[in-house]
Amino acid sequence: MVTFLPSRPGRLADVPSFSRGIGGAESNVACALAAAGHRTAWVSRVGSDGFGDHLVEAVAGYGVDTSAVRRDPARPTGIYFRTATDRGTDVHEVAYYRAGSAASAMSPDNVPYEALFVARVLHLSGITAALSADCLALLRDLTSPRPGRPLVSFDVNHRPGLWRDAVAGPGVLLDLARGCDLVFVGEDEAEEAWGLNGAEAIRAALPGPAVLVVKRGAEGATVFSRTGGAVVGEAGNAAADAGAADSGRTDTGRTDTVTGVPALRVDVVAPVGAGDAFAAGFLSATLRGLGVRDRVRHGHLMAAAVLTVPGDLTAPPSRARADALAALDDDAWGRLRLGPGWTGEEQEVRTT
């Protein structure tokens, strides 16, 4: 979508002007991964209009392959407006104009699967499932077991305002997540959507994914992982225990390793885009074959990069800088405090 960002805090009714940006969970992740040095492709549909031109050009500008993006001459590019406040607050407002958009017309019949299945990781979002019956059919198909599928990563991204059937939406998201290899879900959204309290309860409801990442806001993240599960090597194809990522099967009888990683202290400029950035950081470290703790730390670092700028996207820290910070001992990690400009090589990272 094209995103319209407010010129100042306040109600949508009171904001006098907006600046244009790009938005969308999957494209945000693709852009962040490309900026971190990975080969990425974004597969979607946009209108044959100026906003579609802007989206494709802007996403490609981050180094993302957009050759599989289709242009729809009959439907417009989706847009939305939002306030500057955090999604988790009662004063946050979002106005979506996505009904009948080009992206809402995606289906198993018009999405180029050959562009999806050459990847080592296929990243999906629950937002797409909410857009239309055709989009839901596409997500059901992509998360179903099939030989040779990539490792399927899924960010639940529960957005009640997008679902025409708000009652059915949470159940649909739970079913989709159960078919994936790697799942990201916020503790707060799991409570809102499924009435589940705590990471252990979320894992009990989602026993299948080889890796489950429960984001706990300022507390950090808890990861449930089976040994060898949902691992992607930089030099190889997606692989999981007993070929789970290739077949869509998972061994739910295996014992989890539970890893808790504290969040960083961040001087927040704008509390948006952090979830997509966290997913990108975690996936980047997964692609490189790093351990679970370092995957989460790279997620926190990528999220901190976005939280310290006004928009949803920014240049991440260099790989060397991120690796050095991720390798800190627990005490040094806990004393980090990141503020605007911290990703620059010349900037000194603060500790307290």
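**Exercise 1. State how much surface the chain exposes, and what share of it carbon and sulfur atoms supply.**

Solution. The exposed surface comes to about 14700 Å², an accessible area computed by the Shrake-Rupley method with a 1.4 Å probe, where for residues only the protein chains shown count as cover. Carbon and sulfur atoms supply 51% of this area. The model is predicted: local features need pLDDT of at least 70, side-chain atom pairs count only at pLDDT 80 or more, and totals for chains, interfaces and linings use all residues. Residues are numbered from 1 along each chain as its sequence is written, and side-chain values use heavy atoms, with hydrogens and water left out.

**Exercise 2. Determine how the overall size of the chain relates to the globule rule.**

Solution. Step one is the secondary structure: the chain holds 13 helices and 17 strands (DSSP runs numbered from the N terminus, helices being H or I of at least four residues and strands E of at least two). Step two is the radius of gyration, taken over C-alpha atoms, with a globule rule of 2.2 Å times the number of residues to the power 0.38. The value is 19 Å, close to the 20 Å that the rule gives for 352 residues, so the chain is as compact as a globular protein of that length. Step three is the box filled by the C-alpha atoms, roughly 50 × 45 × 40 Å along the principal axes. Finally, 55% of the 352 residues count as buried (buried is under 20% relative accessible area, exposed over 50%, partly exposed in between, with a 1.4 Å probe and protein chains only).

**Exercise 3. Explain why helix 1 is described as largely enclosed.**

Solution. Helix 1 spans residues 25-35, and nine of its eleven residues are buried, so the rest of the structure largely encloses it. Among the buried residues are Ala25, Val29, Cys31 and Leu33. Their cover includes strand 2 (18-22), helix 2 (50-61), strand 7 (121-125), helix 4 (126-129), helix 10 (274-287) and helix 11 (292-307). Just after helix 1, Gly37 takes a positive phi of about 100°.

**Exercise 4. Describe the sheet with the order 15-16-17 and identify its edges.**

Solution. The sheet is open, has three strands and shows mixed pairing. Strand 15 (265-266) and strand 17 (350-351) stand at the edges with a single partner strand each, so one side of each has no neighbour in the sheet. Strand 15 pairs with strand 16 (residues 336-338) in the parallel sense over two bridges (strands pair if DSSP finds at least two bridges between them). The bridge partner of Val266 in strand 16 is Leu338.

**Exercise 5. Set out the surroundings of Ser225 and of Tyr96.**

Solution. Ser225 belongs to strand 11 (residues 221-225) and counts as buried at 6% relative accessibility. Beyond residues up to four places away in sequence, Ser225 touches Ala210, Val211, Thr255, Asp256, Thr257 and Val292 (contact means heavy atoms within 4.5 Å). Tyr96 lies in strand 6 (residues 94-97) and is partly exposed, at 25%. Leaving aside neighbours within four places in sequence, its contacts are Met1, Ile79, Tyr80, Arg159 and Leu162. The C-alpha atoms of Tyr96 and Gly161 are 8.4 Å apart, although 65 residues separate them along the chain.

**Exercise 6. Locate Asn157 and describe its phi.**

Solution. Asn157 sits in the loop between strand 8 (151-155) and helix 6 (169-178). Its relative accessible area is 8%, which is buried. Most residues other than glycine have a negative phi. Asn157, which is not a glycine, has a positive phi of about 45°.
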